[in-house]
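Here are a few notes to help you find your way around. Please keep the viewer open as you read.

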Amino acid sequence: MAIGVFDSGVGGLTVHRELTRRFPDRDFVYLADQANAPYGGRGGEEIVELTRAGCERLFEAGANVIVLACNTASAIALRRLQQTWVPEARARHGRPINVLGIIVPTIEAATGLPWTYERTAVDDKIEAIDITGVFCTAATAMSRVYEIEIDKRREDLAVFSEPCPGLAGLIELGAPTEELKVVVEDHVDALRRRIGRHPDQAILGCTHYEIVADLFAAALPPGTPVIHQPTAVADALSRYFERHPEYDLGGSGRRDFLTSGKAGPQSELVGQFWGAPLTFTPA
């Protein structure tokens, strides 16, 4: 049995790497749906079906708990799968299984509040509004999940999402750093012009963007806090497993990397991020 990590491509490796650091003895299986990446420009029903198919493949590979290390899949597909598909899959596989997302931990980190908290009244004495900028795919921006959920918890935080179409695809293909730098700077400046100033904190709302987190940090004003999803997700998963000891997660330290796309070595950019060459096998 294992912890499964799913993404449309290599961006989820940012979450995977932090999870393996947090749970070094557990078994992991990673699946990149590179044949269909990126998800950000796809329709909602297609994203749901692709995510369901990827999760089913991970359950077949022995995963008991799957982390959707993809903001687009978490924003568009997760609730549907949890409500309508996971119960059926749990009965069919005959063991405890679940699918978790990465947006809830990110919002907890951004607000400093638990997911269960919802403000009940408007405070007329708010003296200042802080701005959170979310850099994400077009599909995540259209879902408005960060705006909606953060507003439920913090009326002193205004959220502006900046869709970055094409950026995840460039990272997936291993584009040169100089090319990525220009694209990142353009999106940071576009958000600045739209809101009239730089955000007080930023969320990298696509796990691909974590691979180039240094470029975002350089484009933002020095010292701007950046919410890093891998750390937030690892913290939340630690708490989840404390509450759910029924999951068998393996203990051999196994690491499997699967892809629906072209198997073999990944790009040099991914190798540099990972710290060593990385090869995927066919899913």
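Which way do strand β9 and strand β11 run, parallel or antiparallel, and how many bridges join them?

1. Please bear in mind that this is a predicted model. To take the opening question: strands β9 (residues 255–259) and β11 (residues 279–282) run parallel, and 2 bridges join them. One pairing to look up is T259, whose bridge partner in β11 is P282.

2. Now step back to the sheet. Its 7 strands form an open sheet with mixed pairing, in the order β4-β3-β1-β2-β9-β11-β10. At the edges you will find β4 (98–100) and β10 (264–265), each of which pairs on one side only.

3. Next, the nonpolar cores. The largest one has 51 residues, and L13, L19, F135, L167, Y209 and F216 have the most contacts inside it. Helix α9 (residues 177–195) gives this core its largest share, 6 residues. A second core, separate from it, has 26 residues, among them F6, L50, L78 and I97.

4. F216 is a good place to zoom in. Beyond residues up to four places away in sequence, F216 touches F135, L167, V184, V188, L204 and Y209.

5. Finally, have a look at E172, which lies in helix α8 (residues 167–172). E172 is buried yet has no salt bridge, and the nearest side chain of opposite charge, R42, is 12 Å away. The side chain of E172 does make a polar contact with the side chain of H208, at 2.6 Å. Setting aside neighbours within four places in sequence, the residues in contact with E172 are G9, V10, G11, Q34, H208 and S267.

Key
Residues numbered from 1 in each chain as written. Predicted model: local features only at pLDDT ≥ 70, side-chain atom pairs only at ≥ 80, totals over all residues. Heavy atoms only, no water. Helix = DSSP H or I, 4+ residues; strand = E, 2+ residues; numbered from the N terminus. Buried < 20%, exposed > 50% of the residue type's maximum accessible area, 1.4 Å probe, protein only. Lys, Arg positive; Asp, Glu negative; His and termini not counted. Salt bridge = Lys/Arg side-chain N within 4 Å of Asp/Glu carboxyl O. Polar contact = N/O pair within 3.5 Å; in protein donor to acceptor, adjacent residues only side chain to side chain. Contact = heavy atoms within 4.5 Å. Core = buried A, V, L, I, M, F, W, Y, C linked by side-chain atoms within 4.5 Å. Pairing = 2+ DSSP bridges.
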